[in-house]
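Welcome to a short set of exercises on reading a fold. Keep the viewer open, try each task yourself, and then compare your route with the worked solution.

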Amino acid sequence: MKVPCSVIKDLLPLYHDSVCSPESAALVEEHLRECESCQEEFHRLETALLPPAASEKEGKKANSIKKVKKTLRRKRLAVAAITLAVIIAVSIPVGMWMSIPCFTLPLNEVSITITEKDGILDIYSESLYGVSVSRVFYPDGTSREPSNRQNGSALILSAEYTPLTALKTWLQGEQTEITLASPTFNFQWPLTEEGWWEDHKESLSYVEAMEGIQKTMQKELPDYQWNDLPYDYDSSIPRTPGTDKDFLYRNVKEVYYYTGINTGIWRKDNDELLADLEKHGTLLWTVEDGVVYQP
């Protein structure tokens, strides 16, 4: 019995997908051998239906892969950004701390010599990191600013160094003992009027010489603009101990070596530092007794 083409065409999709019964498949194959019209229909089915289906499947798969890659890339960027932010947040304060003088050498690692001659206090020191000097002013019963108090002052010596300096020293394997190549510090301060005149004799000689030159040239060139002369000098330079505010108000009464922290973000004001000397200061010299510290 000859099967109509309409029936075969209905079976072609099932045949193509291999879901029809063996009997139906045999019937379709027998019909296709003899019917060119159904052969063309089957060919169209293969070319029109199968490739688009396969293409759509591959497209969906490619899109899924792209989405996964995009998500992973975003996660990697987020992790990198967070890591960079953490590094910056940590490195800035650490870098600042490494550059702040927040350590001081103990007194037994510093060489300090204090002498007094002709009314002048002379302080000479050597240490691995160098010695600095600061001043605190004693209260005088008024509300004056510390630098304007009139009850004298104390000098504070300290050998401060930064963590970065300490690390560099350790990496270079430098000796911690004081040597002739160690940084030195020399400071002089007049204690008496005799000492003041001795300490200022060079500057006073300079002032007198400049005044003489200026007076001579003023006579010879009265119309010259004397403010532009290369021989100009500082007219505020004290001429006598009585006009020297530093000497009158800031006379040094004591010298201490200090092992506390008074630099950078730990800077103490005058009275805090003065009170802190009881805990971290070692008295080295007094105006009444001279050198009082003997290592």
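**Exercise 1: the sheet**

How many bridges join strand 5 to strand 8, and do these strands run parallel or antiparallel?

*Solution.* Bear in mind that this is a predicted model.

Step 1. Find strand 5 at residues 153-158 and strand 8 at residues 252-258. The two strands run parallel and are joined by 5 bridges.

Step 2. Pick out one facing pair: Leu157 stands opposite Tyr257 in strand 8.

Step 3. Widen the view to the open sheet, where 5 strands follow the order 4-5-8-9-10 with mixed pairing. Its edges are strand 4 (132-137) and strand 10 (290-291), each of which pairs on one side only.

Step 4. Recall that strands of a sheet pair through backbone hydrogen bonds, either parallel or antiparallel.

**Exercise 2: a helix across the sheet**

Work out which strands helix 7 lies across.

*Solution.* Step 1. Locate helix 7 at residues 270-280.

Step 2. Follow its contacts: the helix lies across strand 4, strand 5, strand 8 and strand 9 (281-286).

Step 3. Add the direction: helix 7 runs at about 110° to strand 4.

**Exercise 3: salt bridges**

Search the whole structure for salt bridges and classify the partners by accessibility.

*Solution.* Step 1. The search finds 4 salt bridges, and three examples follow.

Step 2. Glu198 pairs with Lys201, with the closest N and O atoms 2.8 Å apart. These two residues are separated by about one helical turn, because they are 3 residues apart in helix 5 (residues 193-220). Glu198 is partly exposed at 34% relative accessibility, and Lys201 is partly exposed at 44%.

Step 3. Arg144 forms a salt bridge with Asp140, the closest N and O atoms being 2.9 Å apart. Arg144 has a relative accessible area of 35%, so it counts as partly exposed; Asp140, at 23%, is partly exposed too.

Step 4. Asp276 meets Lys268 at 3.9 Å, N to O, which falls within the 4 Å cut-off. Buried means under 20% relative accessible area, so Asp276, at 14%, counts as buried. Lys268 is partly exposed at 25%.

**Exercise 4: a surface patch**

Which residues form a nonpolar patch on the surface together with Val90?

*Solution.* Step 1. Place Val90 in helix 3 (residues 36-98).

Step 2. Check its exposure: Val90 has a relative accessible area of 47%, so it is partly exposed.

Step 3. Gather its partners: Ile82, Val86 and Val94 complete the patch, and the four residues together have about 340 Å² of accessible area.

Note on methods:
Residues numbered from 1 in each chain as written. Predicted model: local features only at pLDDT ≥ 70, side-chain atom pairs only at ≥ 80, totals over all residues. Heavy atoms only, no water. Patch = residues over 30% accessible without salt bridge, like charges linked within 9 Å, V, L, I, M, F, W, Y side chains within 5 Å. Areas by Shrake-Rupley, 256 points an atom, 1.4 Å probe, with all protein chains shown as cover. Salt bridge = Lys/Arg side-chain N within 4 Å of Asp/Glu carboxyl O. Helix = DSSP H or I, 4+ residues; strand = E, 2+ residues; numbered from the N terminus. Buried < 20%, exposed > 50% of the residue type's maximum accessible area, 1.4 Å probe, protein only. Pairing = 2+ DSSP bridges. Contact = heavy atoms within 4.5 Å. Axes fitted to C-alpha atoms, helices over the stretch in contact; angles between N-to-C directions.
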